[in-house]
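This briefing covers one annotated domain, one strand with its pairing partners, and one proline. Please keep the structure open while reading.

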Amino acid sequence: MDLVGACVAFVYVSERGSFTLGAAAARIPQPVASRRIGALERHLGGRLFDRSTRRATLTPFGRDMLPSARRLVALAEAMEHDAERARLAPLRLAVPDVCGTRELALLGAAALHQDVRLDLHPAPPRAREDLLRTRQVRASVAAVPADEAAWRVRLGFASVAEHHSAAVHLETLRVGRGDSEVRRRVWIQPEDDVPHIRDRVRRLGESVGLQPAQIAVASAFTTAAAHVLDSADLLLCSAAQAAELGLHWRPAGGIDPVRGYAVAAGEGEDAERIERDLAEGLAACLGADRGEEALR
């Protein structure tokens, strides 16, 4: 038996004093209201209405049951309201702060098409981890090693000067001992300040004789870009970022740094839905392709 539906019919009929008017208020046909109330009476083991009069008059048993029925109907209505509010609540998603405004807006539009309302929070990698850990977001586009990634972005080196070789090798930044020439640096932006990228670049720099200070981590992407635009330094970045800054980009020689991304979430269902339904929009935001396609 539909206990909630029967209680709705019971409450509306009792309030209107009529099966016809009560059924109309409950937005159900009158015969349906009568059947539901009859089923409720059989379920509870007593008559709720005195059917010997033209009005729907409550019996003493019906008067005793009415308060409980009203509480059940109110609780069911509150539950439906909460469910609607939960469905409409935005899915808070932490994304890399290197994503462009237009691309994020297009991602939001694509999500709406999938009946998902996104609340996007751009942040660098460690901040995204903290947002997810403290449950300030439901999901995060996490920085992960390339072999664990759903999306990949190949990185290289960019500079003001045009490169005449197919790749940029860090040994070209090495200067001799006692050389008065200003030491050129490689700038790493916050998005790439993660072990699987930063540490590999540092190890390569050490192996070719660079000074530790020649591999620098900037506090912000704009800070790194400013240093590179004002010098002969190199910026570790994607080809798209280099084009945006008007810099010349080449792959990195001796190393193949790759940004890897995957969705991390408190609930596995959120991660699956984002990776399934918003894959193309996220790829556009990240400047990436799915999986192996990014490395072809």
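In which sense do strand 6 and strand 11 pair, and over how many bridges? The two strands pair in the antiparallel sense, over 4 bridges. The model is predicted.

**Strand 6 and its partners**
- Strand 6 spans residues 151–159, and 8 of its 9 residues are buried.
- Within the pairing with strand 11, Val153 has Arg259 as its bridge partner.
- Strand 6 also runs antiparallel to strand 9 (residues 234–238), joined to it by 4 bridges. Leu155 is matched there with Ser238 of strand 9.
- Strand 10 is likewise antiparallel to strand 6, with 4 bridges between them. In strand 10, His248 stands opposite Ser159.

**Pro257**
- Pro257 sits in the loop that links strand 10 (248–251) to strand 11 (258–265).
- Is Pro257 buried or exposed? Its relative accessible area is 2%, so Pro257 counts as buried, the cut-off being under 20%.
- Leaving aside residues up to four places away in sequence, Pro257 touches Val153, Arg154, Leu155, Ile197, Arg200, Leu236 and Ala252.
- Two of these contacts recur in the pairing above: Val153 is the bridge partner of Arg259, and Leu155 that of Ser238.
- Leu132 lies 125 residues from Pro257 along the chain, and their C-alpha atoms are separated by 26 Å.

**Annotated domain**
- An unreviewed UniProt entry places the feature "domain: HTH lysR-type" at residues 1–59.
- In the model, this span is 61% helix and 7% strand.
- The end C-alpha atoms of residues 1–59 lie 22 Å apart.

Definitions and conventions:
Residues are numbered from 1 along each chain as its sequence is written. This is a predicted model: local features need pLDDT of at least 70, side-chain atom pairs count only at pLDDT 80 or more; totals for chains, interfaces and linings use all residues. Side-chain values use heavy atoms; hydrogens and water are left out. UniProt positions are given in the numbering used here, feature names are shortened, and annotations may be inferred rather than shown by experiment. Buried means under 20% relative accessible area, exposed over 50%, partly exposed in between (1.4 Å probe, protein chains only). Contact means heavy atoms within 4.5 Å. Two strands pair if DSSP finds at least two bridges between them.
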